[in-house]
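Got your viewer open? Let's take a short walk through this structure, one selection at a time.

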Amino acid sequence: MDTKYLDIIKAPVITEKSSNEQAKGKYTFRVDPKANKTEIKHAIEKIFNVKVVSISTLNEKPKKKRVGRYTGLTNRSKKAIVTLAEGESIDIG
C-alpha cells in the first residue's frame with residue numbers, strides 16, 4: 001500500500017451521528033484539507049478494498065480557543081462522508 005494514501009486519510013470520525021450513518025453505508029473520515037474528492041475516493045478504495053459510490057466533503061473552520069490569557073485558533077480540518085456500494089462495509093472498530 002502506498003503511503004500517499006495513508007497521508008490523505010487521517011482518521012475515522014467516531015461520533016453518535018456517524019455511527020448511526022454507518023448502518024446506511026456512510027462512513028465519515030477526517031482527511032487532508034488539500035485533498036480533493038477524487039484523491040479521497042482512490043485512497044478509500046485502495047486502503048479498505050471497497051467500492052465508493054459518492055463522497056461529500058466539508059471544511060471545518062478553525063475555532064477560537066483560550067488557555068489562560070493566551071488566545072489562539074485550532075487547526076483547520078476537512079471531513080469526508082463516504083457512501084459505499086450496496087453490501088460493502090468497513091470495519092472501523
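## Stop one: the pocket

What you have on screen is a predicted model. Begin with its largest pocket, which has a volume of about 170 Å³. To see what surrounds that space, select V13, T15, K17, S18, E21, T28, R30, L58, E60, K79 and I81, the residues that line the largest pocket.

Now try colouring your selection by class. The lining of the largest pocket splits into 3 nonpolar, 3 polar and 5 charged residues.

Next, switch to the cartoon view. Which elements each supply at least two residues of this lining? Look for helix 2 (16-22), strand 2 (26-31), strand 3 (52-60) and strand 6 (77-84). Helix 2 gives the largest share of the lining, with 3 residues.

## Stop two: a pair starting at E21

Keep E21 from the pocket lining and add K24 to your selection. The two side chains meet in a salt bridge, with 3.5 Å from N to O. Show the surface here and compare the partners. E21 is partly exposed, at a relative accessible area of 21%, while K24 counts as exposed at 61% relative accessibility.

## Stop three: R30 and E60

Go back to the pocket lining and pick out R30 and E60. How far apart are their closest N and O atoms? The distance is 2.9 Å, and the two residues form a salt bridge. Because R30 sits in strand 2 and E60 in strand 3, this pair ties together parts that are 30 residues apart in sequence.

With the surface still on, check both partners. R30 is partly exposed at 29% relative accessibility, and E60 is also partly exposed, with a relative accessible area of 26%.

## Stop four: on to K79

Leave E60 selected and add K79, another of the residues lining the pocket. E60 forms a salt bridge with K79 too, and here the closest N and O atoms are 3.4 Å apart. This pair also links distant parts of the chain, since E60 is in strand 3 and K79 in strand 6, 19 residues apart.

Now show R30, E60 and K79 together. Salt bridges that share partners join these residues into one network.

## Before you close the viewer

How many salt bridges does the count come to? The count is 3, and you have visited E21 with K24, R30 with E60, and E60 with K79. For a last view, bring back the whole pocket lining and find E21, R30, E60 and K79 among its residues.

Key:
Residues are numbered from 1 along each chain as its sequence is written. This is a predicted model: local features need pLDDT of at least 70, side-chain atom pairs count only at pLDDT 80 or more; totals for chains, interfaces and linings use all residues. Side-chain values use heavy atoms; hydrogens and water are left out. On a 1 Å grid over the protein atoms alone, a cavity is a set of points where a 1.4 Å probe fits but cannot get out, and a pocket is an open set with protein on both sides within 12 Å along at least five of seven lines; lining residues have an atom within 4 Å of a point. Grid points are joined across faces, edges and corners, and a volume is the space filled by probe spheres set on the points. Helices (H or I, at least four residues) and strands (E, at least two) are DSSP runs, numbered from the N terminus. Ala, Val, Leu, Ile, Met, Phe, Trp, Tyr, Cys and Pro count as nonpolar, Asp, Glu, Lys and Arg as charged, and the others, Gly among them, as polar. A salt bridge is a side-chain nitrogen of Lys or Arg within 4 Å of a carboxyl oxygen of Asp or Glu. Buried means under 20% relative accessible area, exposed over 50%, partly exposed in between (1.4 Å probe, protein chains only).
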